[in-house]
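Trainee: I am new to this structure. Please take me through the surroundings of the ligand, and then through the parts they belong to.

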Amino acid sequence: QAGLDTRLIGRNLVYFAETDSTNSQAQRLAEEGAPDGTVVVADGQRSGKGRMGRTWASPTGVNLYTSVLLRPAVSPLRAPQLSFVAALAVARAVREHCGLAAEVKWPNDILLDHAKVAGLLSEMNAESERIHYVVLGIGLNVNMEAEQFPADLRYPATSLKLAAGHAWERAPLARHLYHVLEELYEQFLDQGFAPIARQWEALCPWRGRRIEVDRGADRVCGTFAGIDEYGALLLDIDGNAPLKIYAGDVRPLD
Ligand code: BTN
């Protein structure tokens with residue numbers, strides 16, 4: 001892709017005018033041996049995938065739908081950390097490129113004015129000791145109009161256009177995103193997860209606040225105390241050791 005200034009991410013770039021899902025395409029390419037850093041990007045998706053089996057609205061020509069294939073030589077236990085690397089990269093790219101005050105929400109959402117502007121879906125193929133590959137799927141609502149959002153969303157949603165009041169060119173934004181993602185991924189490989197976690201927490205407005213976590217089977221309330229060394233949410237409930245939460249939907253209580 002013209003103008004890409006990365007060493008790894010996007011050196012091999014596969015573009016689709018339309019596809020089922022860039023994550024599914026990246027998984028297929030990974031199974032066929034595509035190299036570390038391969039990027040799949042599509043102008044539209046027929047069946048965009050969201051977290052927890054949900055769908056991701058993917059109208060053609062307005063947003064960014066991209067998946068990055070990585071083959072890190074780290075334990076599969078550390079794979080969730082990579083979703084934080086990617087979410088942080090999206091928040092930083094939006095801040096730096098658009099000058100908008102993007103924040104992060106556990107586990108891997110990106111918010112503008114408390115509304116979701118981007119989401120992350122990571123999918124992995126691993127055995128006990130080794131990651132074969134991780135696919136980090138990023139959906140960023142760029143120029144989506146209010147009426148293009150599904151009516152039944154469980155959360156408030158927005159786009160960069162709705163937040164800024166004008167449309168954005170997608171290619172320069174995508175280039176900046178790949179650039180920041182590469183920088184943070186290199187930091188992750190060199191220095192581990194701690195610096196990533198600290199930067200992520202700095203963009204998360206909820207520390208010290210009361211939240212409710214919907215774990216599917218039940219709901220728990222407590223004070224958000226940050227994330228642990230694997231990215232689990234730390235929830236202070238009674239002043240004892242914090243409860244570690246690995247999956248769920250979070251909402252603030254105050
Ligand atoms: C979420 O539920 O918040 C995650 C949404 C992830 C959507 C992106 S769009 C590009 C990639 N391909 C998919 O099918 N999903 C991810």
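Mentor: Start with the shell around the ligand. Four elements each supply at least two of its residues: helix H1 (22–31), strand E3 (64–70), strand E6 (115–126) and strand E7 (131–140). Keep in mind that this is a predicted model. The ligand has 20 residues around it. Those that come nearest are Ser21, Gly50, Gly119, Gly137 and Gly139. By character, the shell divides into 5 nonpolar, 11 polar and 4 charged residues.

Now place the three strands. E3, E7 and E6 belong to an open sheet of 7 strands, with the order E1-E2-E3-E7-E6-E5-E4. Find E7 in that order, and you see E3 on one side and E6 on the other. The pairing in this sheet is mixed. Its edge strands are E1 (13–16) and E4, and each of them pairs on one side only. Neighbouring strands are turned by 20° against each other on average, with direction ignored.

Go to the E1 edge. E1 pairs with strand E2 (residues 39–42) in the parallel sense, over 4 bridges. Val14 stands opposite Val40 of E2. Helix H4 lies across E2 and E3. Its direction makes an angle of about 25° with E3.

Next, look at E6 itself. Lys116 is found in this strand. Is Lys116 buried or exposed? It counts as buried, because it has 20 C-beta neighbours inside 10 Å. Leaving out residues up to four places away in sequence, Lys116 touches Asp109, Leu111, Tyr155, Pro156 and Ala157. Asn141 is 25 residues from Lys116 along the chain, yet their C-alpha atoms are separated by 8.7 Å.

The loop between E6 and E7 gives a contrast. Glu129 has its place there. With 8 C-beta neighbours inside 10 Å, Glu129 counts as exposed. Glu129 and Val74 are 55 residues apart along the chain, and 8.3 Å separates their C-alpha atoms.

From H4, move on to helix H5 (residues 194–202). Its buried residues include Ile196, Ala197 and Trp200. Why do the buried residues line one face of the helix? Seen down the axis of H5, they fall within an arc of 100°, so they share that face. A general rule fits here: an α-helix has 3.6 residues a turn, so residues three or four places apart point the same way. On the other side of H5, Ala194, Arg198 and Ala202 are exposed. The cover over the buried residues includes helix H2 (79–98), strand E4 (103–105), helix H4 (170–191) and strand E9 (219–227). E4 is one of the edge strands described above.

E9 leads to another sheet. Here 5 strands form an open sheet in the order E11-E10-E9-E8-E12, and the pairing is antiparallel. Strand E11 (243–245) and strand E12 (249–252) are the edges, each pairing on one side only. The twist averages 45° from one strand to the next. Strand E10 (residues 233–236) joins E11 over 3 bridges, in the antiparallel sense. Leu233 stands opposite Ile245 in E11.

Go back to the ligand to finish. E3, E6 and E7 each supply at least two shell residues, and they are strands of the sheet with mixed pairing. H1 also supplies at least two.

Notes:
Residues are numbered from 1 along each chain as its sequence is written. This is a predicted model: local features need pLDDT of at least 70, side-chain atom pairs count only at pLDDT 80 or more; totals for chains, interfaces and linings use all residues. A residue is near a molecule or strand if its C-beta atom, placed from the backbone, lies within 6 Å of it. Ala, Val, Leu, Ile, Met, Phe, Trp, Tyr, Cys and Pro count as nonpolar, Asp, Glu, Lys and Arg as charged, and the others, Gly among them, as polar. A residue is buried if 20 or more other C-beta atoms lie within 10 Å of its own, exposed if 12 or fewer, and partly exposed in between; C-beta atoms are placed from the backbone. The arc is that of the directions from the helix axis to the C-beta atoms. Two residues are in contact if their C-beta atoms, placed from the backbone, lie within 7 Å. Two strands pair if DSSP finds at least two bridges between them. Axes are lines fitted to C-alpha atoms, for helices over the stretch in contact, and angles run from 0 to 180 degrees between N-to-C directions.
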